[in-house]
Amino acid sequence: ASLQFYEYMVNPKEYPYQAGQTYTFTNPYSANKETVAVTPVNQATAGLYNYTPHVYNGNYNFWKLWNQYFTRILIDGSLVQADGEIGVWLIQDGKKRPFLSKGALTSRYDVNKIITIKKADLDGYAKGAPIRFAQYSIVRSPMGDIYLLVDDTKRKVANLGVFRELGFNPEELENAGSQDLADYSDGAPITADEAYPTGALLKDPSNGGVYFVIDGTKAPLIDPIFLKTKFKNYSVVKSTAKELAKYEKIAPVKFEDGYLLKSTSSLSVFVVSNGKKRPIASAKAFEQSGYKWNNILTVKPQTLALYDNGEPIGEQNF
């Protein structure tokens with residue numbers, strides 16, 4: 001069987017089922033002979049259809065059973081560490097992204113959220129772009145350009161005058177290679193008009209509300225929990241109506257992928273993944289996923305309502 005599948009890979013055009021082509025299969029056991037269209041995404045899947053084209057849904061069932069019994073599915077936004085190893089990875093977009101420094105990890109995430117898994121489970125994920133620099137790092141490209149790194153974006157500092165005016169320290173500059181910077185998307189440039197390049201919490205004098213201000217925008221904090229968690233290292237700055245009017249109001253602040261949330265009006269627990277809230281079906285499913293009960297944040301119902309619903313997370317049979 002191994003030799004046969006190797007043959008499918010090295011000589012794919014000699015066989016009827018090929019990657020990227022669409023084929024129709026008929027269910028001989030259904031009353032109306034229902035059909036299904038299948039497009040193998042890669043040659044490995046096409047090989048499965050070359051091997052057993054006569055079994056209706058056979059390859060789908062193979063995939064389903066394999067994932068149900070032999071593979072642990074990790075949720076996007078999870079921080080994971082293989083048992084016995086010191087490296088930490090972020091699961092994002094179905095890939096594992098390694099943290100290359102302690103600062104890169106701790107400046108973005110709470111290390112108490114790290115989940116320990118089997119090395120075999122981690123090995124099943126393709127490697128994504130590494131996370132090398134700490135949040136809000138100031139880096140210099142090989143061309144001499146200076147960037148502020150915010151999440152997965154790089155914001156170019158307009159010139160050295162702006163760099164000095166905004167109070168950046170030249171000793172904080174790190175050198176970044178072209179490939180390092182290629183992994184970051186381009187954000188809005190930083191000019192002398194930007195008062196808070198790394199963001200700030202501004203208090204509205206008219207109603208006491210707090211906004212997170214960055215990149216010309218202001219996002220309201222609709223829940224005090226943000227001050228104790230996401231922005232625990234920030235101080236709230238008293239502002240004026242005139243200053244706040246300079247910023248465009250955008251959607252309220254939300255928690256990023258990986259956070260565990262429940263509302264004050266329900267016992268249901270959700271994990272934020274791909275920007276959606278995914279309900280965790282049971283206590284067993286929660287513990288199977290490696291989550292810790294003390295990491296659950298209790299938020300206002302309005303905060304939970306900011307998220308669209310995602311697929312439930314059920315129990316796994318690994």
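**Figure 1. Aromatic pairs in the predicted model.** The structure holds 16 aromatic pairs, a pair being two rings of Phe, Tyr or Trp (its six-membered ring) with centres within 6.5 Å; planes under 30 degrees apart count as stacked, over 60 as edge-to-face and the rest as tilted. The rings of Tyr 8 and Tyr 15 are edge-to-face, because their planes stand at 85° with the centres 4.9 Å apart. Tyr 8 is buried at a relative accessible area of 5%, whereas Tyr 15 is partly exposed at 21%; buried means under 20% relative accessible area, exposed over 50%, and partly exposed in between (1.4 Å probe, protein chains only). Tyr 8 and Tyr 15 belong to one aromatic cluster with Phe 5 and Tyr 51. The model is predicted, and local features need pLDDT of at least 70, side-chain atom pairs count only at pLDDT 80 or more, and totals for chains, interfaces and linings use all residues. Residues are numbered from 1 along each chain as its sequence is written, and side-chain values use heavy atoms, with hydrogens and water left out.

**Figure 2. The ring pair of Phe 99 and Tyr 109.** The planes of Phe 99 and Tyr 109 meet at 75° and the ring centres are 5.9 Å apart, so this pair is edge-to-face. Phe 99 lies in the loop between β5 (95–98) and α4 (102–106), and Tyr 109 in the loop between α4 and β6 (114–117), so the pair ties together parts that are 10 residues apart in sequence. Helices (H or I, at least four residues) and strands (E, at least two) are DSSP runs, numbered from the N terminus. Phe 99 is buried, with a relative accessible area of 11%, while Tyr 109 is partly exposed at 26%.

**Figure 3. Lysine side chains over aromatic rings.** The charged end of Lys 113 sits over the ring of Tyr 259, 3.2 Å from its centre. Lys 96 lies over the face of Trp 89, at 5.1 Å from the ring centre. A charge sits over a ring if NZ of Lys or CZ of Arg is within 6 Å of the ring centre and within 35 degrees of the ring normal.

**Figure 4. Salt bridges made by Arg 132 and Lys 156.** The structure holds 9 salt bridges, each defined as a side-chain nitrogen of Lys or Arg within 4 Å of a carboxyl oxygen of Asp or Glu. One of them joins Arg 132 to Asp 180, at 3.0 Å from N to O. Arg 132 lies in the loop between α5 (119–123) and β7 (138–140) and Asp 180 in helix α7 (residues 178–182), so this pair ties together parts that are 48 residues apart in sequence. Arg 132 is partly exposed at 36% relative accessible area, whereas Asp 180 is buried at 18%. In a further salt bridge, the closest N and O atoms of Lys 156 and Asp 145 are 3.6 Å apart. This contact links distant parts of the chain, with Lys 156 in strand β9 (residues 153–156) and Asp 145 in the loop between β7 and β8 (146–150), 11 residues apart. Lys 156 is partly exposed, at 35%, and Asp 145 is partly exposed, at 25%.

**Figure 5. The network of Arg 155, Glu 194 and Asp 215.** Glu 194 and Arg 155 form a salt bridge with an N to O distance of 2.6 Å. The two residues are 39 apart in sequence: Glu 194 lies in the loop between β11 (185–186) and β12 (200–203), and Arg 155 in strand β9. Glu 194 is buried at 11% relative accessibility, and Arg 155 is buried at 4%. Salt bridges that share partners join Arg 155, Glu 194 and Asp 215 into one network.

**Figure 6. Strand β13 and its antiparallel partners.** In strand β13 (residues 210–214), 5 of the 5 residues are buried. Val 210, Phe 212 and Ile 214 cover one face, and Tyr 211 and Val 213 the other. Strand β12 runs antiparallel to β13 and is joined to it by 4 bridges, with Leu 201 opposite Phe 212; strands pair if DSSP finds at least two bridges between them. The hairpin of β12 and β13 has 6 residues between the strands, and Gly 208 takes a positive phi near 80°. Strand β14 (residues 217–220) is also antiparallel to β13, through 4 bridges, and Ala 219 is the bridge partner of Phe 212 there. This second hairpin has 2 residues between its strands, with Asp 215 in the turn at a positive phi of about 50°.
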